[in-house]
Amino acid sequence: MSTAVADNKPAAAEVVPTFTATLMIRRFNPEVDEEPRWEDFDVELYETDRVLDALHKIKWEQDGSLTFRRSCAHGICGSDAMRINGRNRLACKTLIKDLDISKPIYVEAIKGLPLEKDLIVDMEPFFDSFKEVNPFLMAGPVKGGKERKQSPVERARFDDTTKCILCAACTSSCPVFWTDGQYFGPAAIVNAHRFIFDSRDEGAGVRLDILNDKEGVWRCRTTFNCTDACPRGIQVTQAIAEVKQAIIKGKP
Amino acid sequence: MPEKSASNLVAEPQSPPKIRSPKRPAGTLYRGKEGMWSWVLHRITGVAIYFFLLVHILDTALVRVSPEAYNAVINTYKTPIMGLGEIALVAAIVFHALNGLRIILIDFWAFGAKHQRTMFWVVIGLWVVLLAAFIPRQLMHVFGG
Ligand code: HEM
Ligand code: SF4
Ligand code: FES
């Protein structure tokens with residue numbers, strides 16, 4: 001995997017080996033391009049580098065106009081979901097060495113949301129769906145005592161769906177969402193699930209009503225692309241199935 | 001033209017930012033796994049069966065219009081091409097039915113989503129077995145005379 005170290009580098013005691021990878025990036029500049037175009041970059045990388053590091057190297061050393069979002073660089077802010085070798089991934093959680101570098105690494109924006117520039121899409125429609133499910137605790141005054149108590153078992157009921165970082169990897173991996181942008185999408189349902197099954201919350205009925213819409217959970221065709229795409233390992237399709245069942249039963 | 005005269009006095013309203021989305025934003029084919037491909041096949045087979053049934057209801061209805069025309073149409077079903085077409089039809093129905101049961105289990109069985117991948121390969125396994133039983137018989141029927 002490692003290549004010979006270039007001669008002109010100072011002979012340090014321990015030289016960290018590097019290798020060259022080719023990235024094919026789908027570029028789009030709305031000011032000049034009619035359609036997106038592929039551009040390839042060769043980047044010198046370390047074993048420990050992630051796709052995000054490769055993008056940084058390109059932006060900082062080769063082409064400053066390359067445009068992408070990132071913030072935390074550690075898989076928690078949800079800024080850098082993109083399509084890497086055809087699958088939605090976080091660039092900051094995808095190690096180059098886990099990809100096949102004998103071939104170019106294809107990097108493109110996520111599907112189904114309006115493309116703005118290079119790897120950036122307009123996330124507003126995605127956040128609008130999220131807001132529509134009332135993603136906050138809906139509860140009246142505390143009954144007796146000062147706290148809203150919850151047992152570990154009750155907490156565990158919705159633990160999986162608390163982990164969402166709103167990266168849109170799931171929603172933009174969904175074939176239904178690609179063709180029907182009105183569909184709430186997996187992420188909104190995951191965040192509704194988080195409150196529907198929270199024993200302290202009293203708004204389950206409202207949320208189940210919202211998701212019983214024709215653009216709600218019944219659009220789901222169980223393709224499991226969302227579950228495969230989620231960088232937090234959330235069992236997204238399972239959560240959607242649980243919301244479907246709750247709607248049928250009329251209660252969580 | 002109040003707008004015109006006003007534009008001389010007031011600063012031009014800011015034109016909206018020039019973001020033009022491309023017409024073909026899609027990019028490469030999404031590389032989904034078993035779940036996505038089973039859905040693609042389920043839809044293709046579902047639509048194919050639908051069109052077959054539509055045609056089949058129409059040709060059956062023909063018997064009320066003209067029995068001779070009906071016989072002529074039904075006789076074409078006995079040609080080898082139609083015999084092979086029947087294999088495709090049976091393959092589509094069997095896949096659709098088996099995978100339909102898988103989808104029902106995903107929706108209604110608590111562990112369905114967890115075992116969807118295994119269930120997909122079970123569907124493919126049963127599909128191959130059932131077709132292996134059907135295709136030789138059908139070929140004998142069509143070509144064996
Ligand atoms: C043999 C028994 C059958 C079973 C067990 C079955 C089962 C199912 C199920 C469970 C679905 C829902 C799929 C989903 O939620 O994604 C479905 C969809 C569908 N079925 Fe069937 N089906 C059968 C026969 C048929 C027939 C005879 C036709 C044609 C007239 C048909 C056409 C369709 C179509 C067009 C869809 C929509 C596919 C989609 O939304 O992706 N099915 N089937
Ligand atoms: S459910 Fe997973 S893939 Fe979807 S937005 Fe949340 S973290 Fe991202
Ligand atoms: S940059 Fe924050 S999740 Fe990747």
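User: What is meant by contact, and how many residues of chain A and of chain B does the contact take?

Analyst: Contact means heavy atoms within 4.5 Å, and by that rule chain A contributes 34 residues and chain B contributes 30 residues. The model is predicted, so that local features need pLDDT of at least 70 and side-chain atom pairs count only at pLDDT 80 or more, while totals for chains, interfaces and linings use all residues. Residues are numbered from 1 along each chain as its sequence is written, chains are lettered from A and ligands numbered from 1 in the order in which they are written, and side-chain values use heavy atoms, with hydrogens and water left out.

User: What area is buried between chain A and chain B, and which residues of chain A supply the most?

Analyst: Taking buried area as the accessible area (1.4 Å probe) lost on putting the two parts together, summed over both, the value is about 2800 Å², with 49% of it from carbon and sulfur atoms. On the side of chain A, E35(A), R87(A) and F224(A) supply 20% of the area that this chain buries against chain B, more than any other three residues.

User: Why is the pair R117(B) and D228(A) called a salt bridge?

Analyst: The term requires a side-chain nitrogen of Lys or Arg within 4 Å of a carboxyl oxygen of Asp or Glu; the side chains of R117(B) and D228(A) meet at 3.4 Å, N to O, and the pair therefore satisfies the rule. Across this interface the rule finds two salt bridges, and the count of residue pairs in polar contact, both at pLDDT 80 or more, is 10. Of the elements of chain A, α8(A) gives the most to the side that touches chain B, with five residues. That side divides into 12 nonpolar, nine polar and 13 charged residues.

User: What makes the site of ligand 1 shared between chains?

Analyst: The site is shared because residues from chains A and B surround ligand 1. Of the 14 residues around the ligand (heavy atom within 4 Å), R221(A), W39(B), H42(B), R43(B) and H96(B) come nearest.

User: Why does the pair of R221(A) and ligand 1 count as a polar contact?

Analyst: A polar contact is a pair of N or O atoms within 3.5 Å, and an oxygen atom of ligand 1 is 2.9 Å from an N or O atom in the side chain of R221(A), so the pair qualifies. From chain B, a polar side-chain atom of H42(B) lies 3.2 Å from a nitrogen atom of the ligand, and one of R43(B) lies 3.0 Å from an oxygen atom of the ligand. α2(B) gives the most to this shell, with eight residues.

Terms used
Polar contact = N/O pair within 3.5 Å; in protein donor to acceptor, adjacent residues only side chain to side chain. Helix = DSSP H or I, 4+ residues; strand = E, 2+ residues; numbered from the N terminus. Nonpolar A, V, L, I, M, F, W, Y, C, P; charged D, E, K, R; others polar.
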